[in-house]
Amino acid sequence: MKIILVDDERIVIDHIRSMVPDGYEIAATASNGRSALRLCEEHQPQIMIVDIRMPVMDGLELIRAVSNKQLGVKFIVLSAYEDFEYARQAITLGGVSSYLIKHQVDSHTLREELDRARLAWEKDQSQRRMQRNELIKKYATGSCTPLMLKNSGIRAPFALLIIRTDLPFTTTIPHIIAAETDIQHHERWSLEEVLPFNDYEDWELLGDFMINGAEMAALFSIKIRNPRLLRESLNQFTTNIQTHFTQSKKRTVSVYYTLAPTDAGNLPYALNKLKTAMLYAIFCGRQALVCVDHLSLPDETAMNRNRTIPLDSLMAGLEQYDVAVVENEIKGYFHHICESGWNLRGLFDLVNLLNKFLNDQRMNKGLPYIDPFAIQEYDPVYHISEVRDRFITLFTQLASNTQDTNKVSHKLIRALQYLHDHFHEDINIDHVSDAIGVSSSYLYQLFKRDLGRTFLDYLTEYRINQAKRILRYEDIKMMEVASRVGYRSPQHFSQVFKKITGVLPHQYREEGHLL
């Protein structure tokens, strides 16, 4: 913490300097108020130790002048016995934390007063930071005028970064184009907690704010004008941020940024461009460093969503147990999705199609429904290549199973299809048997023979699997979860859920947030 010491007696300056404890630094000294004011603007100290009586500009004038500049400095006033009343006047001024009788100052007293001033400065600094962060957030999100931001002392050019917690890929997402991520991690943090910014002279943090529990925006003042040096500095800076999160918070983050010259009027546009780019995180992977300045994102609204993806060759590969054909077909699907850029809509259309086709084929073999991206059952994936490889693994496992003895009957397939379409309703085996035109007893035998379980066991397992998916990806009330998977009573749903999974629904949701 920097100190400027102001006194017209050299012996006093030397005496105070000799007692300054560790953690404090005398940045400059001055013998009058006018020189001290110039040094204050140059060194930006946190504390000034100021004599009351000095030539040219006395202590009271200096305190008023520095306070008017709103530099946030805290003052410790030095005085002699005869200046006691004069010193009391100084204490009424803003920013004065205490006064000392100069010839009685010892090291213990000085440390106490410096620590008191330090705590007062840190408290005020925290309040100022919160106010500035809130102002930047309001302007960046369009809630205040450029004039308000200009009057705050924040000046262009800017660099705007978003630090985003890497989140696993799921098959359920918000509306692709305009929706914001609304992941709630219950953790709030400040970028100044992550790195000591005094170590990064090229980057002056102007403010930061949480967008949601997984994303933080940070606004910096750019001090480097050379583009190459700027990017080198940025790479080092962001690498250290990512290392901090990996080591101390046990999670990885990606950084999306813009260095395009911008003023206050362009800040909302820059923020929206960053947020749009983050919707394509699956194409960037974990710990990505993405500059959006020259990033050309596709017009998702203009893309053809009705394109038919043929699965005949994939089906033939499965029927012939040809692993090579299966693998090549899936690679071809994903190559086509990426060949013209980041086709996010096309990716999710493909994923949902393959997911349904995979489970249809598993059902034909008497295998249970799975979610290929359930993080409780599989390793999480963060890149499109990992999504592709997950499907290759699951489909080739089916193609590798040359034993067809588990293939279920056509009537049971129809029963399962009906069950999957109506599981959220109040159904039983009689409803299903009537729908497919067989007796209840015969359908019961089909479940036991081909699936090795009863109708109720299969229905319960399917409902709980669907409930697990909802709990992982949606923040809704437990009553609604129960209703959506076919349970009228939330209490009954909780009992069944715990019997199947070993934990209550809310515990399962909380554990999912920690992954």
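## Helix α10 and its packing

Contact here means heavy atoms within 4.5 Å. In this predicted model, the buried residues of α10 pack against three helices: α9 (312-319), α11 (344-364) and α12 (384-400). Helix α10 itself covers residues 323-338, which is 16 residues. From its first C-alpha to its last it reaches 23 Å, close to the 22 Å expected at 1.5 Å a residue.

The buried residues of α10 are V326, I330, Y333, F334 and I337. Seen down the helix axis, the buried residues of α10 fall within an arc of 85°, so they line one face of the helix. The face turned away from this buried side carries N328 and H335, which are exposed. At the start of α10, a side-chain oxygen of D322 reaches to within 3.2 Å of the backbone nitrogen of A324.

## The five-stranded sheet

An open sheet is formed by 5 strands with mixed pairing, in the order β7-β8-β6-β9-β10. Its edge strands are β7 (203-212) and β10 (289-291), each of which pairs on one side only. On average, neighbouring strands of this sheet are turned by 20° against each other, with direction ignored.

At the β10 edge, strand β9 (residues 253-258) and β10 run parallel and are joined by 3 bridges. Within this pair, V255 stands opposite L289 of β10.

## Helices on the sheet

Helix α7 (residues 227-248) packs on the sheet and touches β6 (158-165), β7, β8, β9 and β10. The direction of α7 makes about 155° with that of β9.

Helix α5 (residues 107-140) lies across β7 and β8 (215-222). The angle at which α5 runs to β7 is about 65°.

## Residue D450

D450 is placed in helix α15, which spans residues 440-451. Its relative accessibility is 17%. Buried means under 20% relative accessible area, and D450 therefore counts as buried. The side chain of D450 is joined to the side chain of R449 by a polar contact of 2.8 Å.

## Summary

Helix α10 has its buried residues on one face, and these pack against α9, α11 and α12. The mixed sheet is open, with β7 and β10 as edge strands, and both α5 and α7 lie against strands of this sheet. In α15, the buried D450 makes a side-chain polar contact with R449.

Note on methods. Residues numbered from 1 in each chain as written. Predicted model: local features only at pLDDT ≥ 70, side-chain atom pairs only at ≥ 80, totals over all residues. Heavy atoms only, no water. Helix = DSSP H or I, 4+ residues; strand = E, 2+ residues; numbered from the N terminus. Buried < 20%, exposed > 50% of the residue type's maximum accessible area, 1.4 Å probe, protein only. Polar contact = N/O pair within 3.5 Å; in protein donor to acceptor, adjacent residues only side chain to side chain. Expected span 1.5 Å × (residues − 1). Arc of directions from axis to C-beta. Pairing = 2+ DSSP bridges. Axes fitted to C-alpha atoms, helices over the stretch in contact; angles between N-to-C directions.
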